[in-house]
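Got your viewer open? Here is a route through the model, one selection at a time.

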Amino acid sequence: MRAKTVRAGRTLVSAQQVSVGYDGNPVCAPATFTLEPGQVLAMVGINGAGKSTLLRTCCGMLKPLDGRVELLGLKPDPRSATQRAAVAADMGEASFFPSLSVAEHLRLVCLGHRVPQADQAVEDILIDLDLTRQAHALPDALSSGQRRRLALAAALIRPRRLLVLDEPEQRLDHTTRLLLADRLTAERQAGGGVLMASHDPDLVAACATAVLLVGSDTRLMSVDEGVDAIHEGLS
Ligand SMILES: Nc1ncnc2c1ncn2[C@@H]1O[C@H](COP(=O)(O)OP(=O)(O)OP(=O)(O)O)[C@@H](O)[C@H]1O
């Protein structure tokens, strides 16, 4: 699979002592990290550790309780045109138009993000994510794994500098997980950045460049340490 063109440049995400949570109550210890172009940062941690909350805060869907977070050098704001053009996010809760087919959803994304040669791009991503046979299917005729693949396809078909993925491995079969690992590796090799939460040690080992263990002692670690943390049940 081919990665979309991404411009080299400034820090994609910068978090300094960022505390995240709800109603003023932090859900984990503060996080400090940066994500540069060409890097894949995997957030790992047990259920309820705060990974999704941290991802949402990095995207501006939640305000930090304390500390500072910047996305592309700016305060995160999911409504900003700059952020929407640069950040492709799949937070695992995609919803679909009930009367648009798989291919029509992807064409709509291409239209919204001015993807050139959209028909070819749709054909390519359908092949990449093994959705060709479902191209004309409506969302309610898809399996849960096929819906996940459509959500991933919608993120991968559009131009971007940063991919934000919340447990992208969920509901994917083994072959598609391997393909996802290849795709994320290609993303960083092409100069893109990936910020993701994951429970999958194989995915983290295959494509991450660093790991953030999220929890009562949120801290950066190497990929090997992160994979061990998952196996040891810290994640
Ligand atoms: N909208 C919300 N309002 C209040 N508390 C919330 C909300 N969403 C999540 N939480 C709580 O915040 C904590 C962290 O949840 P979060 O979804 O960030 O964890 P996670 O690390 O992504 O977990 P998992 O691995 O299970 O997906 C949990 O205790 C959860 O119950």
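**Stop one: the three-stranded sheet**

Select E1 and E6: they pair in the antiparallel sense, over five bridges. Keep in mind as you click around that this is a predicted model. To find a spot where E1 and E6 meet, pick Ser 19, whose bridge partner in E6 is Asp 66.

Now add E4 to the selection. Strand E1 (residues 13-19) is joined to E4 by four bridges, and the two run antiparallel. Two pairs are handy for lining them up: Val 18 stands opposite Ala 31 in E4, and Val 13 stands opposite Leu 35 in E4.

With these strands shown together, you have an open sheet in the order E4-E1-E6, with antiparallel pairing. Strand E4 (31-35) and strand E6 (66-71) are the edges; each has a single partner strand, so one side of each is left without a neighbour in the sheet. From one strand to the next, the twist averages 10°.

**Stop two: the six-stranded sheet**

Next, select E7, E8, E9, E5, E10 and E11. That is the strand order of an open sheet of six strands, and its pairing is mixed. Which strands sit at the edges? They are strand E7 (87-90) and strand E11 (219-221), each of which pairs on one side only. Ignoring direction, neighbouring strands here are turned by 15° against each other on average.

Zoom in on the E7 end. E7 pairs with strand E8 (residues 162-166) in the parallel sense, over four bridges. For a landmark, click Asp 90, whose bridge partner in E8 is Leu 165.

**Stop three: the nonpolar cores**

Switch on side chains for Ala 42, Met 43, Val 44, Cys 58, Val 164, Leu 195 and Val 214. These have the most contacts inside the largest nonpolar core, which has 48 residues. Strand E5 (residues 40-44) gives the most to this core, with five residues.

There is also a second, separate core of 18 residues; try selecting Ala 103, Leu 129, Leu 150 and Leu 152, which are among its members.

**Stop four: the ligand and H1**

Centre on the ligand. Around it you should find Tyr 22, Val 27, Gly 45, Asn 47, Gly 48, Ala 49, Gly 50, Lys 51, Ser 52, Thr 53 and Ala 197. Colour that shell by class and you get four nonpolar, six polar and one charged residues. Which element gives the largest share of the shell? That is helix H1 (residues 51-58), with three residues.

Stay on H1 for a moment. The helix is mostly covered, with seven of its eight residues buried. The buried ones are Lys 51, Ser 52, Thr 53, Leu 54, Leu 55, Thr 57 and Cys 58. Lys 51, Ser 52 and Thr 53 are thus on two lists, the ligand shell and the buried residues of H1. Cys 58 also turned up at the previous stop, among the residues with the most contacts inside the largest core. Just after H1, click Gly 60, which takes a positive phi of about 85°.

**Stop five: three loop residues**

Two of these loop stops are about phi. Most residues other than glycine have a negative phi.

Go to the loop between helix H3 (102-112) and helix H4 (118-128) and pick Arg 114. Its phi is near 50°, a positive value in a residue other than glycine. Is Arg 114 buried or exposed? Arg 114 counts as exposed, because it has 10 C-beta neighbours inside 10 Å.

Then jump to Glu 167, in the loop between E8 and H6. Glu 167 is not a glycine either, yet has a positive phi of about 45°. With 21 C-beta neighbours inside 10 Å, though, Glu 167 counts as buried.

For the third, follow the chain to the loop between helix H6 (174-189) and strand E9 (193-197), where you will find Ala 190. Ala 190 is partly exposed, with 15 other C-beta atoms within 10 Å. Draw a distance from its C-alpha atom to that of Arg 149: the two residues are 41 apart along the chain, and the atoms are separated by 22 Å.

**Last stop: the annotated stretch**

Finally, select residues 13-233. UniProt, in an unreviewed entry, places the feature "domain: ABC transporter" there. Over residues 13-233 the chain is 37% helix and 22% strand, and the end C-alpha atoms are 27 Å apart.

How values were computed
Residues numbered from 1 in each chain as written. Predicted model: local features only at pLDDT ≥ 70, side-chain atom pairs only at ≥ 80, totals over all residues. Core = buried A, V, L, I, M, F, W, Y, C linked by C-beta atoms within 7 Å. Buried ≥ 20, exposed ≤ 12 C-beta atoms within 10 Å, placed from the backbone. Near = placed C-beta within 6 Å. Nonpolar A, V, L, I, M, F, W, Y, C, P; charged D, E, K, R; others polar. Pairing = 2+ DSSP bridges. Axes fitted to C-alpha atoms, helices over the stretch in contact; angles between N-to-C directions. UniProt positions renumbered as here; feature names shortened; annotations may be inferred.
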